Amino acid sequence: MYCTNCGTQIGDSDKFCRECGSETNIGREANRQQSAAGYSAPRRLYRVTSEKRIAGVCSGLARYFEVDVTLVRLLVVAATLFSGGLGLLAYIAAWIVMPRDTEITPLRSSSGASTQTAA
């Protein structure tokens, strides 16, 4: 079997071309079956740098938990005030640990074009 995108020979059971990364017919069929079964991509926790005030940590948490970013920011301030600064340390740790949204590897859609999911 050959890749329809780059012409490289691929295995009969390969879901993606190992040269160009495009999805094969078998991969498309597997995605259709997963979609029909109710499978969805996992949510990812990352810093949203386009909506940041300081580092994007609160924006990322708000997107992950599907709440308003103002509520998350207020909770971080309250945690900092009432815990004697531990909220600030947690914020700094999250800043270091959480990847930026630009560092997230884009997922491939069924048409072969790369798309970024912001779950």
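This report walks through a predicted model of one protein chain, from its overall layout down to a few single residues.

**The layout**

Let's start with the big picture. The chain has 119 residues, and 23% of them are buried. Four helices and two strands make up its list of elements. If you travel from the N terminus, you meet them in the order α-α-α-α-β-β. Now look at the contacts between residues with a separation of 6 or more: 32% of these join residues 24 or more positions apart.

**The core**

Which residues make up the largest nonpolar core? There are nine of them: A55, V57, C58, A62, V69, V72, Y91, A94 and M98. Helices α2 (57–65), α3 and α4 (86–97) each supply at least two residues of this core. The biggest contribution is from α2, which gives three residues.

So α2 deserves a closer look. Its buried residues are V57, C58, S59, G60 and A62, and the partners they pack against are α3 and α4. There's a handy rule to keep in mind while you turn the model around. An α-helix has 3.6 residues a turn, so residues three or four places apart point the same way.

Take V57 as an example. Not counting residues up to four places away in sequence, V57 touches R47, Y91, A94, W95 and M98.

**Three residues side by side**

Here are three residues to find in the structure, each with its place and its relative accessible area.

| Residue | Where it lies | Relative accessible area | State |
|---|---|---|---|
| S59 | helix α2 | 3% | buried |
| L45 | loop between α1 (25–36) and α2 | 35% | partly exposed |
| E66 | loop between α2 and α3 | 64% | exposed |

Why does S59 count as buried? Its relative accessible area is 3%, and the cut-off for buried is under 20%. Leaving aside neighbours within four places in sequence, S59 is in contact with V48, E51, K52, V69 and R73. One of those partners is worth tracing on screen: the C-alpha atoms of S59 and R73 are separated by 8.4 Å, and the two residues are 14 residues apart along the chain.

L45 sits in the loop between α1 and α2. With the neighbours within four places in sequence set aside, L45 is in contact with G60, L61, Y64, M98 and P99. You can also check L45 against R63: these residues are 18 residues apart along the chain, and their C-alpha atoms are separated by 8.2 Å.

E66 is the residue that follows α2, and its phi is positive, near 55 degrees. What's the background to that? Most residues other than glycine have a negative phi, and most peptide bonds are trans. E66 has its positive value in a residue other than glycine.

**Helix α3**

Next, a bit of arithmetic you can follow. Helix α3 covers residues 69–82, which makes 14 residues. At 1.5 Å a residue, α3 should span 20 Å, and its end C-alpha atoms are 20 Å apart, so the two values agree. After α3 comes G84, with a positive phi near 75 degrees.

**A pocket**

Last stop: empty space. Rolling a probe the size of a water molecule over the atoms shows where empty space is left. How much space lies in the second largest pocket? The answer is about 190 Å³.

The residues that line this second largest pocket are R53, I54, G56, V57, C58, S59, R73, V76, V77, T80, L88 and Y91. Sorted by character, the lining has seven nonpolar, three polar and two charged residues. Helices α2, α3 and α4 each supply at least two residues of the lining. The largest share, four residues, comes from α3.

Some names here should ring a bell. V57, C58 and Y91 are among the lining residues of this pocket, and they also belong to the largest nonpolar core. S59, buried in the model, is one of the lining residues too, and so is its contact partner R73.

Definitions and conventions:
Residues are numbered from 1 along each chain as its sequence is written. This is a predicted model: local features need pLDDT of at least 70, side-chain atom pairs count only at pLDDT 80 or more; totals for chains, interfaces and linings use all residues. Side-chain values use heavy atoms; hydrogens and water are left out. The expected span of a helix is 1.5 Å times one less than its number of residues. A nonpolar core is a set of buried Ala, Val, Leu, Ile, Met, Phe, Trp, Tyr and Cys residues joined through side-chain atoms within 4.5 Å. Buried means under 20% relative accessible area, exposed over 50%, partly exposed in between (1.4 Å probe, protein chains only). Contact means heavy atoms within 4.5 Å. On a 1 Å grid over the protein atoms alone, a cavity is a set of points where a 1.4 Å probe fits but cannot get out, and a pocket is an open set with protein on both sides within 12 Å along at least five of seven lines; lining residues have an atom within 4 Å of a point. Grid points are joined across faces, edges and corners, and a volume is the space filled by probe spheres set on the points. Ala, Val, Leu, Ile, Met, Phe, Trp, Tyr, Cys and Pro count as nonpolar, Asp, Glu, Lys and Arg as charged, and the others, Gly among them, as polar.
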